[in-house]
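Me: I have a structure here and a list of labels I do not fully trust. Can we go through them one by one?

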Amino acid sequence: RPLGTSFSVAETAHQMAAVSDNSATNMLIARLGGFETLNQQFKRWGLRDTVLRQKLPDLDGHNTTSPRDLAYLLTLLDTGHLLGIRSRDRVMRTMAECSNTAMLRESVPPGADVSHKTGDIGFVVADAGLVYTRKGRRYVAVGFARRPYNEVSAATYLRRVFEKAHDALDTQFPDAAVRSIEYPIEGTPLYDEFLDAMLDKSPKGIQSRKEAAEKRLQKQLEKAGSTQ
């Protein structure tokens, strides 16, 4: 459009969410007060890893977030802790128009609704959103995959993980069924990245893992002593 054209906040947000327009994202960052203001707000919301450091496109990954932060943010949004019902529903409708359907959107069967946002900076691809199943259940789904630069199989991998999660969570007993989801093979770099992303990194979580490791070591020593 011609230089100097004005855009509404709604139109700019739509371009950011639907087609990942970097210029639209930068415009909204500026409109909302810039990096420092937004980073302070992220902390107030309880986001631990989400930090804006430079304008988009951020091809080197200086801006950061995590699966935990995105899942937590989507939960706050869905439960009405960030916005009123009308504003929340408007955000959900905008996210439902995301044009990249290759991962979370294609992982669910027809009739399920998805409001989501994808991310792609070459060496990482991601998708995060809310899924409303045909059976009336809803859940948050977030996936990150590190990959060789622009490797398309990473998106396929995430879609398959999302498919298994949906199959499990849309059953009659989702808490039991979710244990059947296949995660990355243990011992591979992808497994280590997945595990690191899922770990509770709070002091309580770290202490709990330390105690569990000590118990495993003690059992190994007792077992070794009993075989002598």
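Reply: Start with Asn150, which is found in the loop between S3 and helix H7 (153-169). Keep in mind that this is a predicted model.

Me: Why is Asn150 called partly exposed?

Reply: Its relative accessible area is 43%. Buried means under 20%, and exposed means over 50%. Asn150 falls in between, so the label is partly exposed.

Me: What is notable about the phi of Asn150?

Reply: Phi of Asn150 is positive, about 60°, and the residue is not a glycine.

Me: Where is Ser20, and what is its phi near?

Reply: Ser20 sits in the loop between H1 and H2. Its phi is near 55°, again a positive value in a residue other than glycine.

Me: What makes Ser20 partly exposed?

Reply: The relative accessible area of Ser20 is 31%. That is neither under 20% nor over 50%, so Ser20 counts as partly exposed.

Me: Which helices does that loop connect, and how do they pack?

Reply: Ser20's loop lies between H1 and H2. Helix H1 (residues 9-19) and helix H2 (residues 22-31) pack at an angle of about 130°, with their axes 8 Å apart.

Me: Why is H1 called oblique to H2?

Reply: Set the angle of about 130° against the cut-offs. Roughly perpendicular ends at 115, and roughly antiparallel needs over 145. The angle fits neither range, so H1 is oblique to H2. The crossing of H1 and H2 is left-handed.

Me: Which residues make the contact between H1 and H2?

Reply: H1 gives Val9, Thr12, Ala13, Gln15 and Met16. H2 gives Ala24, Thr25, Met27 and Leu28. By class, that contact has six nonpolar, three polar and no charged residues.

Me: Which residues of H2 are buried, and what do they pack against?

Reply: Ala24, Thr25, Asn26, Leu28 and Ile29 are buried in H2. The buried residues of H2 pack against H1 and H3.

Me: What caps the N-terminal end of H2?

Reply: Asp21 does. One of its side-chain oxygens lies 2.9 Å from the backbone nitrogen of Ser23. Just after H2, Gly33 takes a positive phi of about 115°.

Me: How do you know that Thr37 has a polar contact with Gly33?

Reply: The side chain of Thr37 reaches the backbone oxygen of Gly33 at 3.2 Å. The limit for a polar contact is 3.5 Å, so this pair is within it. Thr37 is found in helix H3 (residues 34-45).

Me: Is Thr37 buried, exposed or partly exposed, and why?

Reply: Its relative accessibility is 37%. That value lies between 20% and 50%, so Thr37 counts as partly exposed.

Me: What makes the peptide bond from Leu56 to Pro57 stand out?

Reply: That bond is cis, with omega near 5°. Pro57 is in the loop between H3 and H4.

Me: Why are H4 and H5 called oblique?

Reply: Helix H4 (residues 67-78) and helix H5 (residues 85-95) pack at about 130°, with their axes 10 Å apart. An angle over 115 but not over 145 is oblique, so H4 and H5 are oblique to each other. Leu74, Leu77 and Asp78 of H4 meet Arg88, Val91, Met92 and Met95 of H5. By class, this contact has five nonpolar, no polar and two charged residues.

Me: Why does Ser107 count as buried?

Reply: Ser107 has 6% relative accessibility. Buried means under 20%, so Ser107 is buried. Ser107 lies in helix H6 (residues 104-107). Beyond residues up to four places away in sequence, Ser107 touches Arg159, Phe162, Glu163 and His166.

Me: What makes Thr133 buried?

Reply: Its relative accessibility is 7%. That is under 20%, so Thr133 counts as buried. Thr133 is in the loop between strand S2 (124-132) and strand S3 (138-146).

Me: How do you know that Thr133 and Asp170 share a polar contact?

Reply: Their side chains are joined at 2.9 Å. That is within 3.5 Å, so the pair counts as a polar contact.

Me: How many helices and strands are there in the chain?

Reply: There are 10 helices and three strands. Buried residues make up 29% of the 228 residues in the chain.

Note on methods
Residues are numbered from 1 along each chain as its sequence is written. This is a predicted model: local features need pLDDT of at least 70, side-chain atom pairs count only at pLDDT 80 or more; totals for chains, interfaces and linings use all residues. Side-chain values use heavy atoms; hydrogens and water are left out. Axes are lines fitted to C-alpha atoms, for helices over the stretch in contact, and angles run from 0 to 180 degrees between N-to-C directions. Helices (H or I, at least four residues) and strands (E, at least two) are DSSP runs, numbered from the N terminus. Angles under 35 degrees count as roughly parallel, over 145 as roughly antiparallel, 65 to 115 as roughly perpendicular and the rest as oblique. A crossing is left-handed if the near helix is turned anticlockwise from the far one by less than a right angle, and right-handed if clockwise. Contact means heavy atoms within 4.5 Å. Ala, Val, Leu, Ile, Met, Phe, Trp, Tyr, Cys and Pro count as nonpolar, Asp, Glu, Lys and Arg as charged, and the others, Gly among them, as polar. Buried means under 20% relative accessible area, exposed over 50%, partly exposed in between (1.4 Å probe, protein chains only). A polar contact is a pair of N or O atoms within 3.5 Å; within protein, one must be able to donate a hydrogen and the other to accept it, and residues adjacent in sequence count only if both atoms are side-chain atoms.
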